Amino acid sequence: MTTPVDSDEFFDPLNPAHIPDPDDFMAASRRGCPIGRVSEILYTANTDDLVRAVFDDTEHFSSRGNFTVGAEDVRTPVTMITQSDEPEHGVLRARLLKNLAPARLRNLTPEVEGIVRDAISELPSFGRVDMYTDYAHFIPAAVLYALIGIPKPAWREVQGWADAIVSVVPEPVDGLPEFASLMGFLAQLVEMRRSHPDDRHEDVLDNLCFAEPGEAELPTLDVVCHVFQLVVAATDTTRGLIANCLYRLLENRSAWEAVVADRSLLPNAIEESLRMDSPAQFMVRSVLEDVSLDECPIPAGKKLYLNIQSANHDEKRWGEDSRTYRIDRPDSAAHLAFGRGIHTCIGAPLARIEARLAIGALMDAHPAMRLTPDATWEKCDGILTRRVKSVPVWIDGKEI
Ligand code: HEM
């Protein structure tokens with residue numbers, strides 16, 4: 001039977017009291033309410049097997065209205081990749097994948113290294129620093145703007161608009177002045193590119209502005225919306241990964257020291273961070289036909305909240321220490337933090353490169369860095385992102 005979430009014990013994404021520190025509510029749901037009903041329209045799936053199964057099942061579940069936890073889907077002028085179903089989805093994904101193919105990522109890596117080097121050189125050589133605002137915050141935005149092809153002098157202004165927008169997602173953003181500024185700026189860039197068809201670049205703007213044989217010519221609004229989707233998908237999530245992983249390593253001092261001494265441990269430390277603190281806490285699917293999950297009926301037309309964060313802490317999948325950060329956990333990369341199935345994150349390889357370079361370079365520059373004694377793990381505001389609010393450290397371990 002479906003369990004209505006009529007107990008305060010079970011996780012309810014619509015209950016503001018559950019948002020700042022949701023883990024105990026999620027654990028209670030895994031024990032007693034793996035499929036919950038939290039409103040007339042919204043159901044939750046809270047375990048690894050259920051979330052995995054729904055990601056895989058595009059016959060009964062649609063990505064239309066993804067992220068929307070209310071009755072009404074957020075309106076967008078163009079269907080973007082995360083909201084699309086087949087066959088439209090596959091066409092768009094193949095086009096965007098060209099910018100994230102291994103060869104392109106190999107060419108982009110020196111640029112990421114340069115961005116990380118610049119960010120390190122901006123840090124003071126000793127003293128108190130917040131590694132979120134003063135370090136992790138800038139890197140993913142700069143990398144994404146390079147990937148898209150946004151001219152460097154505009155990065156800071158674009159980041160101001162994008163940050164205002166991302167802080168509101170998944171609520172509608174179309175009324176924000178920053179949204180109008182960003183969309184207008186991107187439309188100008190598209191026009192500029194198209195007015196110089198012989199001046200080609202290896203970036204997202206070129207890819208979407210100029211169709212290759214067999215590809216569709218995209219109207220300006222479509223290009224702008226697909227680029228906008230990347231801004232929403234790529235920045236806050238990757239900042240979350242870098243900040244969360246740094247915090248977990250520093251909080252477990254022996255783990256930090258082990259990775260400083262042996263950098264081959266870093267990739268698994270990053271996967272374990274994604275599992276422990278999944279930067280995108282959930283995705284939503286629309287139910288296309290009456291279904292039954294774990295013997296719980298869910299009627300067509302309802303929405304299902306795929307609780308990635310809870311699935312990644314599922315004791316049945318990860319053992320009784322599932323809520324402990326362990327850099328030696330076997331198989332950490334089997335987490336669901338990047339989703340699964342046809343919509344699996346196409347930016348995952350890039351996010352992993354960014355985290356590896358950003359954390360590795362910091363370890364090279366400041367191996368003795370320590371969390372300040374007053375540091376606490378506090379989740380950022382908002383329902384979508386799981387990111388520690390700040391990572392306050394003493395650089396070189398010295399107090400001033
Ligand atoms: C740690 C960082 C990131 C996390 C945790 C993350 C998480 C996710 C998740 C969970 C999905 C699945 C969406 C669904 O099934 O509905 C997704 C899809 C997507 N991500 Fe990421 N993402 C990250 C970084 C990035 C980056 C760096 C980019 C771009 C450069 C990106 C672009 C996308 C796009 C375009 C999709 C849609 C794919 C599709 O619908 O086929 N993401 N991401």
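## Questions about a predicted structure

Q: Which residue of the protein is the single donor to the iron atom of the ligand?
A: In this predicted model, a donor is an N, O or S atom within 2.8 Å of the metal (3.2 Å for Na, K and Ca), and a site may look incomplete since water is not among the atoms. The iron atom has a single donor from the protein, an SG atom 2.3 Å away. The residue that supplies this SG atom lies in the loop between helix 14 (315–318) and helix 15 (348–365), where helices (H or I, at least four residues) and strands (E, at least two) are DSSP runs numbered from the N terminus. The donor residue is Cys-345.

Q: What pLDDT do local features need in this model?
A: Residues are numbered from 1 along each chain as its sequence is written, and side-chain values use heavy atoms, with hydrogens and water left out. Totals for chains, interfaces and linings use all residues, whereas side-chain atom pairs count only at pLDDT 80 or more and local features need a pLDDT of at least 70.

Q: Why do the buried residues of helix 11 lie on the same side of that helix?
A: Helix 11 (residues 253–261) has the buried residues Arg-253, Ala-255, Trp-256 and Val-259, where buried means under 20% relative accessible area, exposed over 50% and partly exposed in between (1.4 Å probe, protein chains only). Their cover includes helix 10 (220–251), helix 12 (266–276), helix 15 and strand 10 (370–371), whereas Ser-254 and Ala-261 are exposed on the face turned away from the buried side. The four are on the same side because the directions from the helix axis to their C-beta atoms cover an arc of only 165°.

Q: Which side chain makes a polar contact with the side chain of Asn-46?
A: Asn-46 is found in the loop between strand 3 (42–45) and helix 2 (48–56), and it counts as buried because its relative accessibility is 0%. Leaving aside neighbours within four places in sequence, the residues in contact with Asn-46 (heavy atoms within 4.5 Å) include Phe-11, Cys-33 and Asn-307. A polar contact is a pair of N or O atoms within 3.5 Å; within protein, one must be able to donate a hydrogen and the other to accept it, and residues adjacent in sequence count only if both atoms are side-chain atoms. At 3.2 Å, the partner side chain is that of Thr-44.

Q: Is Glu-271 buried or exposed, and which side chain makes a polar contact with the side chain of Glu-271?
A: Glu-271 lies in helix 12 and counts as buried because its relative accessibility is 8%. Not counting residues up to four places away in sequence, Glu-271 touches Ser-332, Ala-333, His-335 and Arg-352. Among these contacts, the polar one, at 2.7 Å, is with the side chain of His-335.

Q: What is the relative accessible area of Leu-100?
A: Leu-100 has its place in the loop between helix 3 (88–97) and helix 4. Not counting residues up to four places away in sequence, it touches Leu-105, Leu-147, Ile-346, Gly-347 and Leu-350. Leu-100 is buried because its relative accessible area is 9%.

Q: Which residue is joined to Pro-87 by a cis peptide bond?
A: Most residues other than glycine have a negative phi, and most peptide bonds are trans. Pro-87, in the loop between strand 4 (61–62) and helix 3, takes part in a cis bond with omega of about 5°. Its partner in that bond is Glu-86.

Q: What is the phi of Glu-295?
A: Glu-295 lies in the loop between strand 7 and strand 8, and it counts as exposed because its relative accessibility is 68%. Although Glu-295 is not a glycine, its phi is positive, at about 65°.
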